[in-house]
Amino acid sequence: MLHETLSLFTTADAFSLEPLFANPAVARHSLVFSRAPHTGAASPIRIDSPPLPTAAQEERRSVYGVVGLVRLNAGDHLIVITNRHKVTRLFNNDLYRLTGHDIIPIAKHSAIALTPVQQRDDQVYLSMLDSMLSSGFWYFSYQTDITRNVQSLASTGGQVSPRIWEQADERFFWNKHLQAPLITLAKANPDTDISAFILPLMCGFMEFKELSYNSKRVTLGLISRRSKFRAGTRYNTRGVDADGNVANNVETEQVLVFHSNGADANSGSSSQKVASYVQTRGSIPLFWGQLINVKYQPKMVIEEGTVSFQAYKKHFATQISHYGRQIAVNLINKKGYEARLSDTWSRLNSQLNDPNVRYLHFDFHHECKNMRWDKISKLVAEIEADLIAQGYCTVDAVASSAAGGALSLHATRTQTSVVRTNCMDCLDRTNVVQSVLARRVLPMQLQEFCGGSGVVEAEFEKGFKNLWADHADAISLVYSGTGALKTDFTRTGKRSPQGVLSDGTNSVIRYVKNNFFDGFRQDSFDLFLGNYQVNALASSPFDSNDKPLRFFALPAVLGLSLIMVLLTLLMFHYSSAYFFLVLGFWSSLAILAYRAIIFYGTDFVDRPRLVRGPNVLSPEYAISEKPTAILSHKEEAELYKNK
């Protein structure tokens with residue numbers, strides 16, 4: 001399949017990537033990247049026989065795959081995998097998490113010709129790429145296509161093309177833009193093995209646990225695949241785009257593996273029985289967003305109209321094409337701040353009038369108030385008939401004649417619909433409901449594979465809950481910057497005062513990160529995905545510092561006032577009247593400074609700089625997610641105020 005280990009040779013003239021094989025007689029090609037400066041559209045990559053080791057070679061190192069190439073001001077950079085961790089073995093295929101990487105400038109001494117501003121910008125770009133790849137949420141396999149779920153793999157008998165990149169699900173192939181030069185080379189040279197260098201990366205979560213049920217060993221796992229479309233951070237990506245892609249769109253698959261020969265997940269198996277249950281989450285499919293402005297609840301903007309309905313329609317058409325009938329569960333509040341979103345969604349769903357979309361509004365906070373989270377059973381009961389009809393997927397995997405011990409897959413059941421769950425962020429409330437629905441189906445799958453009563457033992461239950469709680473934290477970290485809220489319920493099955501306190505702490509951290517640090521994180525997504533491409537001839541995107549004087553003055557006044565209030569309380573020894581006069585003056589100044597900061601809130605938050613503009617609005621307002629549509633922070637704020 002794909003090359004698992006590569007030798008990276010460095011010479012004065014080129015970098016060479018040579019695949020390592022156990023059998024040296026196997027024909028192979030290498031990739032050679034010229035280090036000579038160039039001005040072309042892409043680095044000259046040659047397909048060449050591996051060079052023999054010579055004294056001219058400066059370095060030889062082993063790497064475990066190519067993430068791709070990215071162009072910065074200093075030219076193209078090669079991104080390689082330097083370390084990996086084996087997560088599990090599924091259908092006799094190894095699944096890995098990326099744990100180490102390196103970003104290597106191809107052109108030698110390329111930074112010498114750069115201006116100081118370009119050198120500074122490249123350091124920022126490299127830190128963005130490093131932060132993305134160091135997040136710990138990247139997964140890959142050399143032998144199978146992990147962008148597709150079990151049911152999708154079974155539809156082709158489990159047979160995976162040697163050109164994995166061609167059949168990978170576009171939504172979950174995150175480094176396709178970075179692999180574009182290699183893909184072009186592979187298409188131009190179809191008789192070579194260049195496709196074996198093209199390794200798709202999936203962003204999301206993957207964890208498996210070895211557990212015991214009815215005295216039999218089984219493997220329980222979760223695989224979550226995050227869509228690269230409309231990807232980004234919590235307040236910078238909300239709602240839907242014109243193509244029907246929604247923010248924080250994640251496919252979550254619970255996988256249960258029974259090894260008939262008693263093997264575990266990390267050893268080979270001649271046959272397996274696998275059950276899969278898929279759910280999805282995604283932002284409310286409307287043109288809406290929240291403009292961060294240092295308030296705890298930012299101003300909400302909702303756009304309605306024909307274009308909004310068309311995007312809504314496209315979203316569900318895409319969902320149906322991938323998963324069949326939709327059970328859309330909306331968990332946001334029916335009253336207060338979130339009510340307008342609910343009302344708009346309800347109207348659009350009535351307008352859609354599609355029998356393949358069942359819309360259900362379950363006000364999570366109202367139904368489960370006073371920590372009565374057992375009331376989620378009311379939601380499950382309401383959609384029970386749909387869940388019974390939905391079923392789940394089961395697959396028989398048996399040894400085939402294919403090389404490498406691959407298993408042939410045959411689906412014995414198929415899942416016919418999907419529950420699409422959302423709350424405001426598609427994180428905390430969504431995590432709880434998804435774990436409850438996954439827990440509902442688990443006894444049926446265990447009983448089908450292993451017999452018994454279907455009653456889950458305490459140790460198995462603990463493993464299941466910890467798996468889903470770990471998953472909740474991972475999904476939340478990518479989108480919001482913190483672990484999930486409400487995970488005490490996911491881990492223990494009940495709410496606790498300690499859990500409520502932990503949620504409060506995470507909420508404060510979210511507020512700080514989302515308001516003052518998420519511009520950088522959003523830029524990191526856009527650079528990695530190619531939504532922004534560096535142009536050495538263009539001006540720096542980091543030079544447009546349009547912060548007014550109040551950006552510096554108001555926080556200084558607030559800080560000074562608070563210090564003076566504290567000093568007055570601790571050290572003032574004059575008359576009571578004078579004490580209250582001084583205290584009142586500094587307290588009033590602090591309040592005025594604070595209110596001014598709130599009023600001019602958009603001046604103080606960290607907004608994206610690479611792809612700017614409020615991408616929450618519909619195309620009717622001529623605002624594109626492309627880097628050509630750039631608005632200043634002031635223009636953004638004015639646009640929202642006018643709305």
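This section describes the nonpolar cores, one buried strand, a loop contact and a surface patch in a predicted model.

The largest nonpolar core comprises 87 residues, of which Tyr125, Trp138, Trp174, Met206, Leu256, Phe460 and Phe528 touch the most other members. Helix α11, spanning residues 458-480, supplies the largest share of this core, with 8 residues. A second core, separate from this one, consists of 39 residues, among them Ile332, Phe362, Val380 and Tyr392. The surroundings of Phe460 were examined further. Leaving aside residues up to four places away in sequence, Phe460 is in contact with Leu211, Ser212, Tyr213, Val218, Leu220, Leu256, Leu442 and Leu446. One of these partners, Leu256, is itself listed with Phe460 among the core residues that touch the most other members.

Strand β3 covers residues 30-34, and 5 of its 5 residues are buried. In a regular strand, side chains alternate between the two faces of the sheet. For β3, Ser30, Val32 and Ser34 lie on one side, Leu31 and Phe33 lie on the other, and both faces are covered. Strand β2 (residues 14-19) runs antiparallel to β3 and is joined to it by 4 bridges. Within this pairing, Phe33 of β3 has Phe15 opposite it. Strand β4 (residues 45-48) also pairs with β3 in the antiparallel sense, again over 4 bridges. Here Val32 has Arg46 of β4 as its bridge partner.

A contact between distant parts of the sequence involves Gly157. This residue is located in the loop that lies between α2 (150-154) and α3 (164-167). Gly157 counts as buried because its relative accessibility is 17%, which falls under the 20% limit. Although Gly157 and Ser408 are 251 residues apart along the chain, their C-alpha atoms are separated by 5.7 Å. When residues up to four places away in sequence are not counted, Gly157 touches Leu407, Ser408 and Leu409.

On the surface, a nonpolar patch is formed by Ile563, Leu566, Leu567, Leu569, Leu570 and Met571, which together have about 610 Å² of accessible area. Ile563 belongs to helix α15, which extends over residues 550-571. The relative accessible area of Ile563 is 49%, so this residue is classed as partly exposed, the class between the limits of 20% and 50%. Ile563 can nevertheless belong to the patch, because membership requires over 30% relative accessible area.

Notes: Residues numbered from 1 in each chain as written. Predicted model: local features only at pLDDT ≥ 70, side-chain atom pairs only at ≥ 80, totals over all residues. Heavy atoms only, no water. Patch = residues over 30% accessible without salt bridge, like charges linked within 9 Å, V, L, I, M, F, W, Y side chains within 5 Å. Areas by Shrake-Rupley, 256 points an atom, 1.4 Å probe, with all protein chains shown as cover. Salt bridge = Lys/Arg side-chain N within 4 Å of Asp/Glu carboxyl O. Helix = DSSP H or I, 4+ residues; strand = E, 2+ residues; numbered from the N terminus. Buried < 20%, exposed > 50% of the residue type's maximum accessible area, 1.4 Å probe, protein only. Core = buried A, V, L, I, M, F, W, Y, C linked by side-chain atoms within 4.5 Å. Contact = heavy atoms within 4.5 Å. Pairing = 2+ DSSP bridges.
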